[in-house]
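Q: Please take a close look at the part of this structure where the two chains meet. I am new to it and would like a connected description.

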There are 2 protein chains.
Amino acid sequence: MTKRALRGPPRAVLWRGGVRGRLSLLEQTLLPEKCLRVEIEDVETLWGAIRRLVVRGAPAIGVAAAYGAVLGAREALVRGGDVGAREVAASVLRAIERLATSRPTAVNLFWALDRMRRRLECLLAGPRLPSGEALARGLLAEAKAIHREDAELCRSIGTHGAGLLRDGWTILTHCNAGALATGGSGTALSPVYEACRAGKRICVIADETRPLLQGARLTAWELHRAGVPVTLICDGMAASVFASGRSDCVIVGADRIARNGDVANKIGTYGVAVLARAHGVPFYVAAPSTTFDAGLSNGAGIPIEMRSPLEVTEGFGRPTAPRGIEVYNPAFDVTPARLVTGIITERGVIRATMAAVGGLLRSLAT
Amino acid sequence: MTKRALRGPPRAVLWRGGVRGRLSLLEQTLLPEKCLRVEIEDVETLWGAIRRLVVRGAPAIGVAAAYGAVLGAREALVRGGDVGAREVAASVLRAIERLATSRPTAVNLFWALDRMRRRLECLLAGPRLPSGEALARGLLAEAKAIHREDAELCRSIGTHGAGLLRDGWTILTHCNAGALATGGSGTALSPVYEACRAGKRICVIADETRPLLQGARLTAWELHRAGVPVTLICDGMAASVFASGRSDCVIVGADRIARNGDVANKIGTYGVAVLARAHGVPFYVAAPSTTFDAGLSNGAGIPIEMRSPLEVTEGFGRPTAPRGIEVYNPAFDVTPARLVTGIITERGVIRATMAAVGGLLRSLAT
């Protein structure tokens with residue numbers, strides 16, 4: 001096990017070479033049947049890849065989009081001839097504008113593109129206009145910084161979280177908040193990878209996570225590949241897992257956390273939290289502090305997206321329910337703070353209370 | 001709604017005509033995509049149909065097997081000529097022996113075949129040997145009695161259960177304990193059908209019930225067909241349903257009930273019970289008194305069958321998880337009596353306690 005675990009988590013997003021290099025994405029839509037990488041050299045191909053969910057998970061999309069701005073610069077450079085900074089900048093701005101339309105609700109996408117635009121403005125605002133090549137190098141450095149910072153966030157979450165995990169423990173997780181969703185080793189799965197790296201024997205039980213099966217397709221795949229022992233279950237089996245003492249701890253990710261510690265995450269998370277509490281199993285949420293929404297006093301204010309019935313009734317390529325049936329398919333649910341044992345952030349593990357969250361947010365502001 | 005509800009539940013098992021008639025089964029493996037009936041005139045075809053799960057659910061299998069003994073008689077009769085009782089009896093015994101190998105662990109199957117064998121012996125033990133035709137008629141009458149008694153059990157459960165349901169309620173159920181699983185209107189779903197017949201407006205939320213999707217394929221189908229409004233959810237959405245006040249009551253079936261009221265049922269049932277309790281929603285189990293196992297003092301003694309990983313990883317005709325992954329796939333879980341609000345039997349609704357179950361068992365013995 002240890003030998004395989006040394007392989008480490010997979011890399012969802014990767015830049016190869018210099019400013020004339022290319023973006024390499026793990027093709028997540030083919031997992032778990034095929035493990036291929038898509039090598040991308042132009043903005044339009046990346047736009048399609050984000051849209052097709054070749055890359056998914058808010059942090060991973062943000063990192064990919066940042067490199068997308070560099071692809072904009074690359075497109076100008078490879079046209080050949082003596083390419084000036086203005087020409088490169090125009091191409092980068094077109095790339096940013098185009099990529100912003102790929103996934104209209106992905107917050108990290110806009111955040112990353114905005115940061116690349118500000119960097120571009122900064123590079124152009126110097127006393128001397130840089131060469132096109134130098135401008136592109138500056139942008140690539142910024143994209144790599146975004147990528148590196150995301151990986152560092154993951155690693156810090158992992159280090160803090162790993163301290164909670166004892167040798168021999170089995171962790172239950174829901175959905176995929178792993179390496180495949182970030183520019184690093186994930187949020188919920190990062191403590192697992194870090195604990196394994198530190199020599200602890202950790203097993204994971206992965207909820208398959210209907211309707212889209214991210215647990216079966218992605219979490220089970222990335223852990224198995226990294227050599228972490230993983231057991232797949234259907235979502236309805238979690239209660240049986242807890243009752244039989246098969247799980248020592250739960251760690252899940254989060255899409256949004258309110259000021260009082262209420263957590264919005266993938267549908268099914270709340271049920272796991274209730275079951276964990278009923279069986280005395282600690283329930284942790286792993287998320288970077290950017291997940292906290294200071295404007296939200298509690299979870300009641302989190303809008304719950306309703307998704308297509310077809311995800312439930314035809315999710316496997318053929319109908320599994322009668323046509324025309326009513327379907328309730330919320331994308332998220334809200335776990336009340338009282339069920340959350342602790343929130344694992346890059347700053348440390350905090351309690352899910354108004355005071356603790358407020359303290360964290362204040363410490364970030366200073 | 002009322003108009004469609006009058007259509008009534010579908011009939012999983014049906015005998016058409018006299019002793020030279022045929023057995024008609026609803027082809028459940030094609031649901032929900034196609035609704036076809038299989039018309040069966042010989043024992044071997046029935047054997048294959050039981051094995052292929054064309055008919056499933058312990059009570060329905062029992063009823064089909066009873067008619068299978070009649071098919072044995074039919075085979076002798078249609079060979080033509082003057083067929084004597086001995087020839088018919090031999091063919092019936094061959095049928096009984098053959099059908100007993102179709103699903104080796106189905107209790108109702110053995111029970112029904114045994115009852116047909118005893119009826120055969122009784123018919124042969126009279127002072128005068130009957131004609132082959134008369135023997136077959138006697139067996140058909142017995143099979144119809146088994147069928148009618150099962151339908152009556154369902155109806156009684158329905159009547160007692162319907163009294164618990166208020167006009168406008170929404171009932172959450174798990175797996176399929178409906179008409180498709182019995183010779184009548186089901187166990188868990190019978191109270192719903194009876195309440196609708198009595199003019200109450202009842203809606204059902206059906207857990208899809210992974211891994212085999214009996215909720216999506218069968219429960220949603222039979223309710224929709226009968227005109228009962230049904231909403232399909234993934235198993236992990238039940239907590240969200242309860243938290244949002246969308247369900248007033250849970251009714252599930254049971255595979256086996258211990259003397260103290262602990263209930264073994266389809267995997268996922270226990271989780272629903274914990275969630276129902278956490279949200280103050282009553283949780284009922286509907287089952288005939290034959291489901292009680294007097295030899296079992298509590299649920300800890302119920303062996304839990306572990307099933308193939310392929311049901312989880314390749315349940316939809318293509319892999320949804322990495323090859324070679326560990327899978328935990330128990331067929332059942334055990335819901336402790338303390339989470340059961342009541343058990344709806346054909347004798348009335350009882351509490352899930354040692355005293356109440358003991359009282360019921362004693363009343364059956366007298």
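A: What follows describes the interface between the two chains and then turns to a sheet in one of them.

The model is predicted. At the interface, 51 residues of chain B are in contact with 51 residues of chain A. Together the two chains bury about 4000 Å², and 68% of that area lies on carbon and sulfur atoms.

Charged and polar pairs also occur across the interface. There are 2 salt bridges between chain B and chain A. A:E208 forms a salt bridge with B:R210, with the closest N and O atoms 2.6 Å apart. In addition, 12 residue pairs are in polar contact across the interface, both residues at pLDDT 80 or more.

On the side of chain B that touches chain A, the elements giving two or more residues are α8 (214–226), β6 (230–233), α9 (238–243), α10 (269–278), α11 (310–313) and β11 (326–327) of chain B. By class, this side of chain B has 28 nonpolar, 13 polar and 10 charged residues.

Strands pair between the chains as well. Strand β11 (residues 326–327) of chain A runs parallel to β6(B), joined to it by 2 bridges. Here A:V327 has B:L232 in β6(B) as its bridge partner.

Chain A also has an open sheet of 3 strands in the order β1-β2-β3, with antiparallel pairing. Because β1 (13–16) and β3 (37–40) of chain A stand at the edges with a single partner strand each, one side of each has no neighbour in the sheet. Helix α3 (residues 58–77) of chain A lies across β1, β2 and β3 of chain A, at about 25° to β1(A).

Conventions. Residues are numbered from 1 along each chain as its sequence is written. Chains are lettered from A and ligands numbered from 1 in the order in which they are written. This is a predicted model: local features need pLDDT of at least 70, side-chain atom pairs count only at pLDDT 80 or more; totals for chains, interfaces and linings use all residues. Side-chain values use heavy atoms; hydrogens and water are left out. Contact means heavy atoms within 4.5 Å. Buried area is the accessible area (1.4 Å probe) that two parts lose on being put together, summed over both. A salt bridge is a side-chain nitrogen of Lys or Arg within 4 Å of a carboxyl oxygen of Asp or Glu. A polar contact is a pair of N or O atoms within 3.5 Å; within protein, one must be able to donate a hydrogen and the other to accept it, and residues adjacent in sequence count only if both atoms are side-chain atoms. Helices (H or I, at least four residues) and strands (E, at least two) are DSSP runs, numbered from the N terminus. Ala, Val, Leu, Ile, Met, Phe, Trp, Tyr, Cys and Pro count as nonpolar, Asp, Glu, Lys and Arg as charged, and the others, Gly among them, as polar. Two strands pair if DSSP finds at least two bridges between them. Axes are lines fitted to C-alpha atoms, for helices over the stretch in contact, and angles run from 0 to 180 degrees between N-to-C directions.
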